[in-house]
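Trainee: Please take one part of this model and go through it closely. I would like to see how that part sits in the rest of the chain.

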Amino acid sequence: MKRVTSVVSKRNRITTRQLCIFIPVLNEEDNLDDLFKDLMSLKRELVKKKTELVLLIIDNNSEDNSWRKIVSNLADFRGSTAVQLVTNIGYQQSLTMSFSLIDSDAMVVYQSDRQDPIDVILQMCDLWSQGANCVVGVATNRADNFSEKLGRRVFIKLFKSSSDIANFNWFTDFYLLDRSLYKQLKSLPLQNQFIR
């Protein structure tokens, strides 16, 4: 009988990063089924990139069945969190709150109305893997109607007139922030923020 004197075991170490998608919700009952279907597809693609997907959903006191749909779908996303607020604190305060509730390697801000193509998040993750701390999705072709285009132009003019940012031509609520950035924002007060 032979004796084994040494055993060498090399295990393939798979380093998995965690990406949290922050999704603010207000009366989005009609969009949520499709949103969760898209998120499940995204989750499968991110696994191929050695990235775990978790969600942070803040429901700003929806008056429809949004909360029920959120709860029923969240079980498919292990480690995810949903918060139901008893009053509507608004988008900006929800975003500021999210910085304290997330503890992932990076976060993506994504709107529940699916106004941005969710598969762009895969491209954002590729840039993040290459060392980018902030990746911003910029709309190149919006299907806005006349009133939406006018509202956007008025907003930009008002923002330029009240800001020291000279080259502000667009704004977005679709971006990826590395932990090194979003953790710096967690000490911001909830009131009077405008984060873009």
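Mentor: What follows is a close look at strand 1 and its surroundings.

First, the frame. This is a predicted model. The protein chain has 196 residues, and 37% of them count as buried. Its secondary structure comes to 6 helices and 6 strands. From the N terminus on, strands and helices alternate, beginning with β and ending with α. Of the contacts with a separation of 6 or more, 79% join residues 24 or more positions apart. The chain exposes about 12,200 Å², and carbon and sulfur atoms supply 49% of that area.

Now the strand itself. Strand 1 covers residues 17-25. Of its 9 residues, 8 are buried.

It has paired neighbours. Strand 2, residues 51-59, runs parallel to strand 1, and 9 bridges join the two. The link between them passes through helix 1, residues 29-48, and the three elements make a right-handed β-α-β unit. Strand 4, residues 106-109, also runs parallel to strand 1, with 4 bridges.

Cysteine 20 shows both pairings. In strand 2, its bridge partner is valine 54. In strand 4, cysteine 20 stands opposite methionine 107. Cysteine 20 counts as buried because its relative accessible area is 4%, under the 20% cut-off. Cysteine 134 has 41% relative accessibility, so it falls between the cut-offs of 20% and 50% and counts as partly exposed. A search of the whole structure finds 0 disulfides.

Next, the packing. The largest nonpolar core has 28 residues. Those touching the most other members are Ile21, Leu39, Leu42, Leu55, Ile121 and Leu176. Several elements each supply at least two residues of this core, including strand 1, strand 2, strand 4, helix 2 (66-74) and helix 4 (120-129). Helix 1 gives the largest share, 6 residues.

Leucine 39 gives a local view of the packing. Leaving out residues up to four places away in sequence, leucine 39 touches Ile21, Ile23, Leu53, Leu55, Phe77 and Ile118. Apart from the largest core lies another core, of 14 residues. Among them are Phe22, Val54, Ile58 and Tyr182. Val54 is thus a member of this other core, and valine 54 is also the bridge partner of cysteine 20. In soluble globular proteins, nonpolar side chains tend to be buried together.

To put the part back together: strand 1 is mostly covered, is joined to strand 2 by 9 bridges and to strand 4 by 4 bridges, and supplies at least two residues of the largest nonpolar core.

How values were computed:
Residues numbered from 1 in each chain as written. Predicted model: local features only at pLDDT ≥ 70, side-chain atom pairs only at ≥ 80, totals over all residues. Heavy atoms only, no water. Buried < 20%, exposed > 50% of the residue type's maximum accessible area, 1.4 Å probe, protein only. Contact = heavy atoms within 4.5 Å. Areas by Shrake-Rupley, 256 points an atom, 1.4 Å probe, with all protein chains shown as cover. Disulfide = S-S within 2.5 Å. Pairing = 2+ DSSP bridges. Right-handed = clockwise from strand over helix to strand, strands pointing away. Core = buried A, V, L, I, M, F, W, Y, C linked by side-chain atoms within 4.5 Å.
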